[in-house]
Each structure stands twice: as structure tokens, then as C-alpha cells.
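Please open the structure in a viewer and keep the sequence panel visible. The tour below proceeds by selection, with a note at each stop on what is there.

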Amino acid sequence: MGYFGREMDIVSNRIIKINMERMYKLYPYLFLLLLGCFLGSCHMNSSQNSTDKTDNSPFKVLVLTERGGQHGGFTDAGLQWLQKEALLHNFEVTEINNTKLIDDDFLAQYQLIIQLDYPPYTWTKEAESAFIKYIDEGLGGWVGFHHATLLGEFDGYPMWQWFSDFMGGIRFENYIAPLADGILLIENNSHPVMKGVKASFIIPDDEWYTFDKNPRNNGNIQVLATVDEDTYQPSSDIKMGDHPVVWVNKSKKARNVYFLIGHSKKLYENEDFTLMFHNAILWASSKK
Ligand SMILES: [Zn+2]
């Protein structure tokens, strides 16, 4: 948790923006990658008809990132992982780290929005209304992580009530500041997001937010996983009892899934976490 709100430059590229210093080091590799893509597309054009080409067009994913601060490591690791996923599963990633570009036309390009720890405040009014339309009308899917439920009054901003309702009518209450490991219990292994995921596994170093209400009590919410608070290492008194950590809002036309976890870059070393993320991308980017 902690602070958020540093103004950052707009980032919008077909290729994920990395900081420029690292980009220079990557130029030779980027050149080879682009050359490979060019040669690959020539081959595809000559060997496939136009119908196939349409079928093979990559779909577009918008990633709204929280950069720097306590979540910088998780975000950076996430972007690197997404680049690999994008190559494997034929999608293109655009990263933005604020909402200034978001309006109806901008979002219309994307089949999926991934909210990589970006909180539900500091959004422009135009971005809020475009996002609401996108989710309510099912114009694409949504996968959100961790800070996306920082719902309440923070950094001088009021709570975004629609977003709270989207997440099950909850308000952020507390978190485990020193971090704790905890065991996740999958309770809905028939859901596509949980396909192939182990029934329980340890999630390292998370903050395990608590809320004023249990999202399970909201009729629109379907819980996919909980954390067993008795397994916290080190133990903590900050508990909810029944503590959902992965859930979907079934009332929305957009396929959507929220993961409460998303604090540590170590998550990307956890094959069950990356499998859930992978499943979530493929499921949520397909229309209902
Ligand atoms: Zn965190």
C-alpha cells in the first residue's frame, strides 16, 4: 500500500516502454526482433490468404501501471512477463501509467485492460466514464491487481463509488504493512481462471488488504480463492475471517477478475500465480 500519486509521463507505445537507459542496451535485440517480425510477416503474407491473416491478427491489451514506490518491482516484473506472454499468445501490449489518454475512442482499440496495481483514484472524469462504459457494456475484459481496491479517501481524492460497487461494495480498511506469506485456497477450480492451478499454494510477501465488508456477501460477486489467515508467516492480527482474494463480478457484461495479491515481484517466480494470470488474460479477453 502506501503513497501513490506521483505525476508521470504518458507512456503509450506498441512496444512496452522500458526506461531509456535500458532501451539503448536493448537496441541490438530490438533490431533483430523487428527484423524477425518483418521476415515472419513476409512469409505469412506469401503463404496464407487474407482470411487467415485476419484470424492471426494480434489482439490489443492496455496495461495501466503503477510505477515506482513499493509496487515498482511487481510492475516491472509483470511487464517483462507480459512481453513473453504477448509473443506466445499473439497480443500486443500498450502501457500507460496515468489515465490522461483514456476516453471511449482510446479504449475501443483494446480487447482487455490490465490494471497492474494502479489505484482507483487520480483518474480523469473522462477516463472514469469511458472505463465504466467499457465494463458495463462489455466492450472488453478487465484483470485487476492489488492496489485496484484502494477504495476510500486517499491522497485528497474521494472514493470512486462505482469502482467500489464493481469490487463488491467494499471499502479498504487495513493491510499487513510488514508483509506476510499466506496460503491461498482455490475454492472454484472449475472456473477458467483456475484451470490447472493447484488447490493450495503459498503466496509470498503480500499485504493482504482487509475491507469493511466481505465481497462474498454481495450477490454479484463470485469468489474464486481465499487466503487462510492462520497460515500467515509471520502471523498477524489483521484478519477478516473468511478472506476472499480472487473474485469476479458476474453482473458486468465485461469478463472481469480481481486479484488481491500483487505486491511482490516474487509472484512471477510462482507458477500457480503466473498460470492464474495467464488464464485470466485469455478468459477475460474473450467476449462473454
Ligand atoms: Zn502492496
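The stops that follow begin with model confidence and then pass through two helices, a group of strands and several individual residues.

**Before selecting anything**

The model is predicted: local features are reported only at pLDDT of at least 70, side-chain atom pairs count only at pLDDT 80 or more, and totals for chains, interfaces and linings use all residues. Residues are numbered from 1 along each chain as its sequence is written.

**Stop 1: confidence**

Colour the model by pLDDT, the predictor's confidence in each residue on a scale from 0 to 100. The protein averages 87, and 81% of the residues score at least 70. Select residues 1-24, where pLDDT stays under 50. For this stretch the model has 36 contacts beyond four places in sequence, a contact being two residues whose C-beta atoms, placed from the backbone, lie within 7 Å. Next select residues 37-53, where pLDDT also stays under 50; here the model has two such contacts. Where pLDDT is low, the predicted coordinates should not be read in detail.

**Stop 2: helix α3**

Helices (H or I, at least four residues) and strands (E, at least two) are DSSP runs, numbered from the N terminus. Select α3, residues 72-89. Its 18 residues reach 25 Å from the first C-alpha to the last, close to the 26 Å expected; the expected span is 1.5 Å times one less than the number of residues.

Which residues of α3 are buried? They are F74, T75, G78 and L82. A residue is buried if 20 or more other C-beta atoms lie within 10 Å of its own, exposed if 12 or fewer, and partly exposed in between, with C-beta atoms placed from the backbone. The buried residues F74, T75, G78 and L82 cover an arc of only 85° around the axis, which puts them on the same side of α3; the arc is that of the directions from the helix axis to the C-beta atoms. Show β1 (59-65), β2 (91-96) and β3 (112-116), which are among the elements covering these buried residues. Then rotate to the face turned away from the buried side, where the exposed residues K84, L87 and L88 are found. N90 follows the helix and has a positive phi, near 60°.

**Stop 3: helix α5**

Select α5, residues 125-136. The end C-alpha atoms of its 12 residues are 16 Å apart, in agreement with the 16 Å that they should span. A127, A130, F131, Y134 and I135 are its buried residues. Seen down the axis, they fall within an arc of 130°, so they line one face of the helix. Their packing partners are α4 (104-107), β4 (141-145), α6 (161-166) and β11. After the helix comes G138, with a positive phi near 65°.

Step back to the loop between β3 and α5 to find T122. This residue is not a glycine, yet its phi is positive, about 70°.

**Stop 4: strands β9, β10 and β11**

Select β10, residues 244-249. Is this strand largely enclosed or open? Six of its six residues are buried, so β10 is largely enclosed by the rest of the structure.

Add β9 (residues 221-233), which pairs with β10 in the antiparallel sense over five bridges; two strands pair if DSSP finds at least two bridges between them. I221 has N249 of β10 as its bridge partner. Now add β11 (residues 256-259), antiparallel to β10 over two bridges. Here V246 is bridged to F259. β10 and β11 form a hairpin, with six residues between them.

**Stop 5: the loop between β9 and β10**

P234 lies in this loop, and the peptide bond from Q233 to P234 is cis, with omega near -5°. The loop also holds D242, which is exposed, with 12 other C-beta atoms within 10 Å. Beyond four places in sequence, D242 touches N214, R216 and T226. The C-alpha atoms of D242 and R216 are 8.8 Å apart, although the two residues are 26 apart in sequence.

**Stop 6: D205 and D212**

In strand β7 (residues 200-206), select D205. Its phi is positive, near 50°, and D205 is partly exposed, with 18 C-beta neighbours inside 10 Å.

Finish at D212, in the loop between β8 (210-211) and β9. With 14 C-beta neighbours inside 10 Å, D212 counts as partly exposed. Leaving aside neighbours within four places in sequence, its contacts are I170, R171 and E173. D212 and E173 are 39 residues apart along the chain, with 5.7 Å between their C-alpha atoms.
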